[in-house]
Amino acid sequence: MLSNKMSKYVKHILCIISLAFVSNINAVEISPDNIDFKKKLTVGGGLSFNNTFYAGSDSLIKRDPYVYTLCGSINFNYLGVDLPFSFALSNTSKEYTQPFNRFQIAPKYKWVRLYLGSASMTFSPYTLAGHDFNGVGVELTPKNWYIGAMYGRFQKAIEYDPMVENIDEVAYKRMGYSAKVGWNGSGTSVNATFFHAKDEVSSLEYAVPDEADLHPKENTAVSGFVRQSFFKDFFVQAEYAFSLYNSEIRTSDGAPAVGSTFLDKLFDRKGNDRFVDAINASAGYAGKIWGLSLCYERIAPYYQTLGGYYFTDDKEDYTLAPYVKFLNGKLNLNGKLGFEFNNLNNLKSNDNKRVVGSLSSSFSDGKHWTSSLSYSNFSNYTKYKKTAYPYYVDQLDTLNYYQVNQAWTGLVAYSWGDTLRTQSVSASGNFNYGNQKAGNTSFSKQTIVGGSLNFSQVFVPSRISWGSFFSANKADASSVESLYWGPGVNAGWSDKSGSFSVTGQIAYNVNNLNGQLYSSLLNSGINANYSLSQVDAKYGKHMVTASLGLTNWLKSEAKTKNDFEFLATLNYSVNF
């Protein structure tokens, strides 16, 4: 805590500002295990004031010459319970947040946890998958059991207002509930999840324009999961889920069920209910020396639930992932090979087949040498299906379209030294290749090759460091060849207490286009940090940072009006 008058003023200012601007919240957790009735009210937080200055010779670059941002946070702790507030002010935008517009209380006692207010829970990626709701939830975890349930509002009703043109925000009120029961024992895990949500048509009082394309929805989703381990390192697991999704419930009331199956009668399936399912299964061996896993996932076209925000559908994946370790874990090899297919219902005009493969290795002797090498391949194959109609002839014959992307990356580093001086040298490189092919014709080839060399040295007693580097990147795409290269140096120093440090660097870069000089520039910068808390703790944790950056275009064919750009920042922060 701060003991000087300045620190007290900062606290008072933060309290006034935070209580004056109220609009949002962080979750507040109250647990009997955390409550301490002997604790008095304490206040902590921080304040930062950032300033950015910009100047440039190119009048086409529209950037504010001066931008400031004032940010602060304050936390009240009473009886061990935290109540956090925060705010942000700027000359370009304003945002204020505090904990009671979005409120959550989550008391916990032993194996019982209760959620009240705004919360989110995840039971399965195919049912309730982290969607925010306002309501109540509970989690019970006695011994090996898990029992969870929730009920609340997933979406609030928003009326159409032509005065503010909110046609994209109009929504029905959506209520829902979900439950999950599971058991996790030694080597065995099983659980089942149920989810249901429905829009309330009567939640909107006024008519909604047709261009809003708003439809009330209803959804029921069920999933089951099981995992079994055996012989210590072998495992098998699977999850199956299905979803009954209705995208327009106003036209389905009273419609007859499709068929007379058990599911139709159990869930009162309507005529336009869409039944879709998903399955995810894997099996493998995970040992200390090596391992291998085989994964399979199939998500039916149009799979969706109202318990999640985003879903990837219409795909079938097969993945093989091995790994092996050598030299007592110093050398590691990992691989992955996958195949993905779409158009599972054969209704699309295009078939996509993807092949994804990767291989990586890493080595470290724990003393001097470090290296890594990785390779990845992404191949995409699309087949166009010719369509014929009585009065229309498709001029495009069956088309096979290929897309291949390959990437190599590598790094080798060696370090050595003693108590007076340490050094390190490293080299890295990358290679990227992309190609698209339709029939027998290749187009849009892209090749990118890059690399860098680095050397650094630290003089331990004087705390002076310096380094040099050289980097180059060459790209060849669409008959345009560019080469970007250049050297650079950097240096730094810090005082004995560590409260003050300064670093600087300068780099020269050249850009050649199709073998001709296109531009050259000089980048220079300096950074300084000063921490008052390292000098004397009674002044609190104050820090001042500053940076200066200057870019000079020595010769440029592309930016004839731009000769320089200057950017400076000055930041002050305090934490108590």
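This section describes the overall make-up, the nonpolar cores, a surface patch and one strand residue of a predicted model.

The protein contains two helices and 30 strands. Of its 576 residues, 30% are buried. The accessible surface amounts to about 34,100 Å², and carbon and sulfur atoms account for 59% of this area. Among contacts with a separation of 6 or more, 53% join residues that lie 24 or more positions apart.

In soluble globular proteins, nonpolar side chains tend to be buried together. In the present model, the largest nonpolar core comprises 14 residues. Within this core, the residues with the most contacts are Met-121, Leu-128, Phe-133, Met-150, Phe-154 and Phe-195. At least two residues of the core are supplied by each of the strands β7 (112-122), β9 (145-155) and β11 (188-200). The largest share, three residues, is that of β7. A separate core of seven residues includes Tyr-126, Ala-241, Ala-278 and Tyr-303.

The surroundings of Phe-133 were examined further, with neighbours within four places in sequence left aside. Phe-133 is in contact with Gly-117, Ser-118, Ala-119, Ser-120 and Met-121, and also with Met-150, Tyr-151, Gly-152, Arg-153 and Phe-154. Of these partners, Met-121, Met-150 and Phe-154 are also listed among the core residues with the most contacts.

Nonpolar side chains also occur at the surface, where Ile-289, Trp-290, Leu-292, Leu-294, Tyr-318, Leu-320, Leu-337 and Phe-339 form a patch. Together these residues have about 720 Å² of accessible area. Two or more residues of the patch come from each of β15 (290-299), β16 (315-326) and β17 (331-341). The contribution of β15, three residues, is the greatest. Phe-339 belongs to strand β17. Its relative accessible area is 36%, so Phe-339 is classed as partly exposed, a class that lies between under 20% for buried and over 50% for exposed.

Asn-430 is located in strand β23, which spans residues 421-438. This residue is likewise partly exposed, because its relative accessible area is 27%. When residues up to four places away in sequence are not counted, Asn-430 touches Trp-408, Thr-409, Ile-448, Val-449, Gly-450, Gly-451 and Asn-473. One of these partners, Ile-448, is 18 residues from Asn-430 in sequence, and the C-alpha atoms of the two residues are 7.9 Å apart.

Note on methods
Residues are numbered from 1 along each chain as its sequence is written. This is a predicted model: local features need pLDDT of at least 70, side-chain atom pairs count only at pLDDT 80 or more; totals for chains, interfaces and linings use all residues. Side-chain values use heavy atoms; hydrogens and water are left out. Patches are made of residues with over 30% relative accessible area and no salt bridge: like charges are joined within 9 Å, nonpolar side chains (Val, Leu, Ile, Met, Phe, Trp, Tyr) within 5 Å. Accessible areas come from the Shrake-Rupley method with a 1.4 Å probe; for residues, only the protein chains shown count as cover. A salt bridge is a side-chain nitrogen of Lys or Arg within 4 Å of a carboxyl oxygen of Asp or Glu. Helices (H or I, at least four residues) and strands (E, at least two) are DSSP runs, numbered from the N terminus. Buried means under 20% relative accessible area, exposed over 50%, partly exposed in between (1.4 Å probe, protein chains only). Contact means heavy atoms within 4.5 Å. A nonpolar core is a set of buried Ala, Val, Leu, Ile, Met, Phe, Trp, Tyr and Cys residues joined through side-chain atoms within 4.5 Å.
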